[in-house]
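Colleague: Before we go through this model together, could you show me how to read its features one at a time, giving the general idea and then the case at hand?

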Amino acid sequence: MGTRPRHRTNNQHIMNNRISQSIEQSIAAKQALLADSAFLNRIQQAANAITESLRNGGKIHFCGNGGSAADAQHLAAELSGRFYFDRPPLNAEALHCNTSYLTAVGNDYGYEHIFARLLRGTAHRGDVLVGISTSGNSKNIIKAYQTAKEMGITTISLTGKTGGDMKALSDILLNVPSTDTPRIQESHIMVGHIICELVETAMFGNNG
């Protein structure tokens with residue numbers, strides 16, 4: 001049997017280092033959240049706002065673009081489907097799921113209007129809008145937030161370090177202290193899952 005080529009061994013070593021580094025960076029981002037008591041309090045505030053809206057007959061709207069759109073749809077499904085245990089569905093939906101609507105409004109009015117227009121047609125005072133954006137600068141979310149303010153809808157933001165332009169329009173800002181998009185997104189889904197667990201427990205008790 002021949003020996004393994006040195007370049008292959010070096011490449012594997014480099015890849016293993018890169019994998020370890022990515023995992024360490026993800027852990028570090030989450031440890032930063034764990035050490036930030038104000039951030040943890042804002043997670044509870046977000047869960048409380050969503051719970052209050054649902055108890056009063058409200059709806060939870062989610063929005064995002066790209067990977068954040070996937071996260072928005074994921075978290076909406078955790079509420080409208082189930083999270084830890086069987087229970088009645090909760091009124092939650094992502095605003096981007098109707099592709100015919102998105103392409104029509106994006107083409108006729110402009111992509112920045114896609115969330116705001118649907119929000120105006122389906123939301124009511126007392127609802128909650130959860131916007132997810134790593135930069136905090138998504139124009140279609142900004143416009144949706146402006147509409148939400150007009151309609152009396154609470155805004156909860158999942159963003160990166162600075163909060164971007166969404167910061168000024170957010171009732172509750174959950175800004176992950178990172179500028180690395182993948183690490184921000186990994187923290188977003190963790191925070192979202194915690195919120196879903198808190199809401200489910202508050203609505204139905206700890207049946208898990």
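**Reading strands, salt bridges and a cavity**

Modeller: Let us start from one pairing, in which the bridge partner of His61 in E3 is Leu129, where strands are DSSP runs of at least two residues and helices (H or I) runs of at least four, numbered from the N terminus. This is a predicted model, in which local features need pLDDT of at least 70 and side-chain atom pairs pLDDT 80 or more, while totals for chains, interfaces and linings use all residues. Residues are numbered from 1 along each chain as its sequence is written, and side-chain values use heavy atoms, without hydrogens or water.

Colleague: Which strands does E3 pair with, and in what sense?

Modeller: Two strands pair if DSSP finds at least two bridges between them. Strand E1, residues 60–64, and E3 are parallel over 5 bridges, and 5 bridges also join E3 to strand E4, residues 154–159, again in the parallel sense. Leu129, the partner of His61, stands opposite Thr155 in E4. With helix H6, residues 139–151, E3 and E4 form a right-handed β-α-β unit, meaning that the path from the first strand over the helix to the second runs clockwise when the strands point away from the viewer.

Colleague: Are the residues of E3 buried or exposed, and where do they point?

Modeller: In a regular strand the side chains alternate between the two faces of the sheet. Here Val128, Val130 and Ile132 point one way, Leu129 and Gly131 point the other way, and all are buried; that is 5 of the 5 residues in E3 (residues 128–132). Buried means under 20% relative accessible area, exposed over 50% and partly exposed in between, with a 1.4 Å probe and protein chains only.

Colleague: How many salt bridges are there, and which parts does the one between Lys59 and Glu93 tie together?

Modeller: The structure holds 7 salt bridges, each a side-chain nitrogen of Lys or Arg within 4 Å of a carboxyl oxygen of Asp or Glu. The side chains of Lys59 and Glu93 meet at 3.1 Å, N to O. Lys59 lies in the loop between helix H2 (37–55) and E1, and Glu93 in strand E2 (residues 92–94), so this pair ties together parts that are 34 residues apart in sequence. Lys59 counts as buried at 15% relative accessibility, whereas Glu93, at 41%, is partly exposed.

Colleague: Where do the partners Glu200 and Arg87 lie?

Modeller: Their side chains form a salt bridge at 2.7 Å, N to O. Glu200 belongs to helix H7 (residues 181–204) and Arg87 to the loop between helix H3 (67–80) and E2, so the pair links parts 113 residues apart in sequence. Glu200 is buried at 1% relative accessible area, and Arg87 is also buried, at 13%. Elsewhere, Asp180, Arg183 and Glu186 are linked in a network of salt bridges.

Colleague: Which residues line the largest cavity?

Modeller: A cavity is a set of points on a 1 Å grid over the protein atoms alone where a 1.4 Å probe fits but cannot get out, and lining residues have an atom within 4 Å of a point. The count is 1 cavity of 30 Å³ or more, and the volume of the largest is about 80 Å³, taken as the space filled by probe spheres on points joined across faces, edges and corners. Its lining includes Phe62, Val130, Ile156 and Gly192, and H7 gives the most, with 4 residues. The lining divides into 10 nonpolar residues, 1 polar and no charged, where Ala, Val, Leu, Ile, Met, Phe, Trp, Tyr, Cys and Pro count as nonpolar, Asp, Glu, Lys and Arg as charged, and the others, Gly among them, as polar.

Key
1 Å grid on protein atoms, 1.4 Å probe; cavity = no way out; pocket = protein on both sides within 12 Å on 5 of 7 lines; lining within 4 Å.
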